[in-house]
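Grab a pencil and open the model in your viewer. Here are a few short exercises, each with its solution worked through underneath.

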Amino acid sequence: MTTATIESAHTHRDDVGSKIGMWLFLFTELILFGGLFIVYAVYRFKFPEQFQLAAKELDTLVGTVNTIILLTSSLTVAMSITAIQQGKKHLSMMLVGMTIIFAIVFLVNKYFEWSHKISVGIYPQSPELLNKPPGEILYFGLYYVMTGLHALHVIIGMVILLFNLVFIAKGKINQQSYVKLEAGGLYWHLVDIIWIFLFPLFYLIN
Amino acid sequence: MSQHEEQHTQHSVSYGKYILIWLGLLAFTGITVTLAGINLGRWVILTSLVIASIKSTLVLNIFMHLKFEDKIFRIFVLVAVATLAIFISLTFFDYAFY
């Protein structure tokens with residue numbers, strides 16, 4: 001490689017800057033979910049017993065399985081970066097592909113969980129739910145909004161990873177330039193961290 | 001030239017280390033589920049939030065490479081988390097003592 005190509009690579013690229021940009025975006029996501037966590041905290045403080053009662057409706061096993069799925073998907077996307085750093089294109093693609101499959105499994109679980117709730121009459125504005133005490137209505141309202149917004153992020157993350165997969169295949173992401181994959185990974189880990197907090201707050205109230 | 005080289009040295013984390021962190025995260029998940037099964041009363045919120053924070057720190061430091069990035073990244077994250085913590089604690093001044 002000649003020095004000319006190295007220098008031109010430097011004039012057009014700023015990986016640290018790209019990553020700082022991604023982190024700044026993640027902070028806006030933190031504030032978005034943070035606002036909802038504040039609402040949750042205040043209502044749980046006001047209606048502790050009703051939150052506890054409402055949480056009994058959720059299946060801890062489903063929540064635990066989904067936690068394990070997301071943690072594992074974070075592992076595979078992290079490993080895909082190491083793979084591309086070592087120039088192992090196909091391994092990297094396989095790991096990103098696995099992450100996308102884990103995301104789909106997570107969403108399928110979520111779908112069955114939600115449809116079960118809806119089939120027993122618990123959904124926003126349902127007559128069944130409106131007959132419950134205010135704390136339980138708030139719990140399920142927050143449950144649908146927060147896990148729903150999280151699921152939306154899982155879908156967006158999947159699309160981002162899909163783009164990354166195509167970029168790796170086309171060689172646009174390679175051993176020398178993989179900041180796009182790092183940014184996609186950062187987004188995916190944020191989705192994981194949000195779930196790390198959602199899980200105990202909704203599923204693990206005695 | 002040395003500056004250029006410095007920019008190119010990217011930290012690469014081994015698969016083994018990632019798997020170790022993943023096992024740690026699974027272990028903490030197991031602990032938090034087990035603790036929720038035991039009746040800890042009002043302590044359950046505290047313990048589960050502490051465990052969630054430990055898990056997040058592992059994800060941030062290793063999976064998100066915060067430990068290996070420039071110092072500025074850690075400062076940024078600290079400021080963002082502190083801001084959220086201030087929001088939450090100030091809200092409770094309104095609700096806990098009215």
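**Exercise 1.** In which hand, left or right, does α2(A) pass α7(A)?

*Solution.* One thing to keep in mind throughout: this is a predicted model. Start with the axes of α2(A) and α7(A), which come within 11 Å and cross at roughly 165°. Angles over 145 degrees count as roughly antiparallel, so α2(A) is roughly antiparallel to α7(A). Now for the hand: α2(A) passes α7(A) in a left-handed crossing. To finish, look at who touches whom. From α2(A) come L36(A), V39(A), Y40(A) and Y43(A), and they meet L138(A), L142(A), V145(A) and M146(A) of α7(A). Sort the residues of this contact by class and you get eight nonpolar, no polar and no charged.

**Exercise 2.** Work out how α4(A) packs against α2(B), and which residues make the contact.

*Solution.* Take the geometry before the residues. Helix α4 of chain A spans residues 60-85 and helix α2 of chain B spans residues 15-37; their axes lie 10 Å apart, at an angle of about 165°. That makes α4(A) roughly antiparallel to α2(B). The crossing of α4(A) past α2(B) is right-handed. On the α4(A) side, the contact residues include T60(A), T64(A), T67(A), I68(A), L71(A) and L75(A), while α2(B) brings in Y15(B), Y18(B), W22(B), L25(B), L26(B), T29(B) and V33(B). By class, this helix pair has eleven nonpolar, six polar and no charged residues in its contact.

**Exercise 3.** Zoom out to the whole contact of the two chains: how many residues does each chain put in?

*Solution.* Chain A gives 34 residues and chain B gives 32 residues. Next, ask where the chain A residues sit. Helices α1, α2, α4 and α8 of chain A each supply at least two of them. The largest share, twelve residues, belongs to α4(A). Splitting this side of chain A by class gives 22 nonpolar, eleven polar and one charged. As for the partner, chain B has four helices and zero strands, in the pattern α-α-α-α along the sequence. Of the 98 residues in chain B, 20% are buried.

**Exercise 4.** Find Y178(A) and decide: buried or exposed?

*Solution.* Begin with its place, which is the loop between α7 and α8 of chain A. Then count neighbours: Y178(A) has 24 other C-beta atoms within 10 Å, so Y178(A) is buried. Leaving aside neighbours within four places in sequence, the contacts of Y178(A) are with I81(A), I84(A), Q85(A) and I173(A). For a distance across the chain, try V16(A): 162 residues away from Y178(A) in sequence, with 12 Å between the C-alpha atoms.

**Exercise 5.** Compare the backbone and the surroundings of Q125(A) with those of H65(B).

*Solution.* First, a reminder: most residues other than glycine have a negative phi. Q125(A) is not a glycine, yet its phi is positive, about 70°. H65(B) is not a glycine either, and has a positive phi of about 60°. Second, locate them. Q125(A) is in the loop between α5 and α6 of chain A, and H65(B) is in the loop between α3 and α4 of chain B. Third, count C-beta neighbours inside 10 Å. Q125(A) has 8 and so counts as exposed, whereas H65(B) has 21 and so counts as buried.

Notes: Residues numbered from 1 in each chain as written. Chains lettered and ligands numbered in written order. Predicted model: local features only at pLDDT ≥ 70, side-chain atom pairs only at ≥ 80, totals over all residues. Axes fitted to C-alpha atoms, helices over the stretch in contact; angles between N-to-C directions. Helix = DSSP H or I, 4+ residues; strand = E, 2+ residues; numbered from the N terminus. Parallel < 35°, antiparallel > 145°, perpendicular 65-115°, else oblique. Left-handed = near helix turned anticlockwise from the far one by under 90°. Contact = placed C-beta atoms within 7 Å. Nonpolar A, V, L, I, M, F, W, Y, C, P; charged D, E, K, R; others polar. Buried ≥ 20, exposed ≤ 12 C-beta atoms within 10 Å, placed from the backbone.
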